[in-house]
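Reader: Hey, can you walk me through this one? I'm new to reading structures, so plain words please.

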Amino acid sequence: MVSPKNNMKSGFRGGRDSAAIQENIELLTGQRGNGLDRAITMRELASLGLINVTRNSNGSVIPRPKPPVIPDGKPIQRPHSPVGFAALGGFGAIMLEWENPTFYGFSFAELWRAAPNADGSAPYLEQAVLIATTPATVFGDIVNPGSTYYYWCRFVNINNIAGPYNNVDGVKVSTSPNISDIIDDIGEQMKKSDLIQELEKDISEGDKAANTAIELAKKELVDADNLINASIGRLKTTVLNSDRALAKRIDGLAAQWKSDDKKILTVAKGDITRVQKILTNKDNALASDILKIEAAYKKGDNALTGAITALNNVTAERDRVVSKKVDTVRSSLNNVAATVQQNSQSISSLNQDGSIAHKAMWNTKAKAGDIKAGIGLLAKSDGTSQVAISASQFFVFDPNIPNKKIQPLFAIDKGKVIIPKAFIEKATIQILNAQTIVADRVKAGISINSPVINGGQVTGGWAGFGSGGPYSGYHTKIGIGGEIWTDRLHARGANISGNITATKGRFSNVTIDGTCKVKRIEANAIIGDITKILAPSYPNKYIDRQGDIEVFRLNVGRMPFKRSALISGNRFRTSGSSFTYECLVDINGSGPRKILPSFSGLSGAALQGMSTIIDIQPNINANIIIYVRKTGAFRKVFFPISPVNIWMIFKN
């Protein structure tokens, strides 16, 4: 026998790789494991007589449950329309439910399904296909995540007469998309997002335009290289021709101090550079203002630098206007830098169809060594609105807690979201791991597995217990109509007011009250007041001679107690004028002895002999032989004329 504990754990392997799929297929086909996870086919269920098999209009096999046995005397009613038919979508399954039918003669419910039309419109009932039949009040339809279907339901009675559908339009329901697919989709959107691309940029790239302009400006200034020096440089440029107009101004301030005291080089310097530029041509107009402030100090092997860069840039082209501002603050020690950069950008453009599009974006990024963080906002006139945060940890907390205890109200750490308390109206969760769940209603589209279920009531379906039995694969089955089939019933007490029908079995230590009516009892041994009841059928026999004639023989077996046998009289009919007969009994060859008085009568008369009781001693294998002895004038006798004799053997 298989241990019940082994039935509680599924042997299937999780995963989508080829090895997991191959192992699960081998389990389902019985090639691997102990056979408890082998799938049973509809062919096997049909051969066991548990279901009937039909096909729908598409040729798919549809199982139909065996109709229940309905007691005689009640008319079978026509099915009514299902009440309370509803559908709930999960991820890979849709749960359908309805109320118990109330008509007499229910057999099963039919479930029909149709997909939306190609244009997304609702299908007609004529497009629906029968997908299942069930005697329960719930059904789980296995579908793909992100699916949408319409469902109909109707009842069928045991005469195979179907009732009306729940409604004409059906019930629409959708399953949730796979979470991994949603994550992949959001990832693709993030790749295309201007805000995410900006946050992903290295800070040095964001400051590249300003640094390039500053370096070019410095080359245009005159350098001064003295031990202790200071310089002021200024360059003004104006260009005017038929193609463009350019006004440019570069201001540079620099100061430096050097010392090689004790052969340790010490350098301190500072720079301020400002570039102002205005450019117009036939294609665009540009106004740019760049300011960079730098300070550096080096002593020995230690080098410290700091810089602030501000870039203000406005560009007007034929079909768009771009305003951009970039502020960068940077400090470094021994080539390890910490940088904060803030970007502001506004773009207005004219599309090819003549419509106007606007985009406004702001972001701030920080970088220390190789560690980066950032936050940004994006708003577009096409309806796109984004807020993005790039960080390995994210915290929301209340700084106004009286006891100054810092505790996250919302946090993201190591890729996981942490919420101490939350009110959520609707949530879609693919895998839920919970210690305690308190809910008004819990519904599952496929199955619920639990080693222990306490309290409450189970309604609307059938239940099976003890796998491997003859009733739908179980030893005990409770049907939707309340029927119980079992081959393993053990009870200490039972009060039954209805009928009990049994074809075989055994009763032990049972008391039958005197109010019970027994038509017929056949038993080899009855211990109690009555140990054997017989209704023997004597062979027809003509007594046409004198002497002791044997008419019946009975063996009553050995018992450890004294018994008495009640033998009723028999009916005789003679063909002579008058007669006299006697009935005798011989027990174990002790010799015939008279037990009934003599009978006398006229020719053709039918007489009933009187009954008598004889004793049987303990531990005797008794053979009781009935004789008829004719005395007096000889006449033919027909014995008996009807088998009305009853023998009862009871404990003395």
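**Helix, rings and core**

Author: Sure, starting with helix α1, residues 18–28: its buried residues are A20, E23, N24, E26 and L27. Buried means under 20% relative accessible area, exposed means over 50%, and partly exposed is in between, using a 1.4 Å probe and protein chains only. Helices (H or I, at least four residues) and strands (E, at least two) are DSSP runs, numbered from the N terminus.

Reader: Why are those buried residues on the same side of α1?

Author: Because they cover an arc of only 160° around the axis. That arc is taken from the directions from the helix axis to the C-beta atoms.

Reader: And what does G30 do just after α1?

Author: G30 takes a positive phi of about 85° there.

Reader: Before we go on, where does the model come from?

Author: It's a predicted model, where local features need pLDDT of at least 70, side-chain atom pairs count only at pLDDT 80 or more, and totals for chains, interfaces and linings use all residues. Residues are numbered from 1 along each chain as its sequence is written, and side-chain values use heavy atoms, with hydrogens and water left out.

Reader: Cool. How many aromatic pairs does the structure hold?

Author: Seven. Rings of Phe, Tyr and Trp (its six-membered ring) pair if their centres lie within 6.5 Å; planes under 30 degrees apart are stacked, over 60 edge-to-face, and the rest tilted. One of the pairs is F85 with W98, which is tilted, at 6.2 Å centre to centre and 40° between the planes.

Reader: Where do F85 and W98 sit in the chain?

Author: F85 is in the loop between β2 (61–65) and β3 (86–89), while W98 is in the loop between β4 (93–97) and β5 (106–114). The pair links distant parts of the chain, 13 residues apart.

Reader: Are F85 and W98 buried or exposed?

Author: Both F85 and W98 are buried.

Reader: What about F103 and F106, why is that pair edge-to-face?

Author: Because the ring centres of F103 and F106 are 5.9 Å apart and their planes lie at 75°. F103 and F106 are both buried, and they form one aromatic cluster with F155.

Reader: Which residues have the most contacts inside the largest nonpolar core?

Author: F85, I94, L96, W98, Y151, C153 and F155, in a core of 15 residues. A nonpolar core is a set of buried Ala, Val, Leu, Ile, Met, Phe, Trp, Tyr and Cys residues joined through side-chain atoms within 4.5 Å. β4, β5, β8 (148–157) and β9 (171–174) each supply at least two of its residues.

Reader: And what does W98 touch?

Author: Leaving out residues up to four places away in sequence, its contacts (heavy atoms within 4.5 Å) include V83, A109, L111, T134, C153 and F155.

Reader: New topic! Which ring does the charged end of R113 sit over?

Author: The ring of Y149, 4.7 Å from its centre. To count, NZ of Lys or CZ of Arg must be within 6 Å of the ring centre and within 35 degrees of the ring normal. The charged end of K477 sits over the ring of W485, at 5.3 Å from the centre.

Reader: Last one: what's phi for N160, and where is N160?

Author: N160 isn't a glycine, yet its phi is positive, about 65°. N160 lies in the loop between β8 and β9 and is exposed, with a relative accessible area of 58%.
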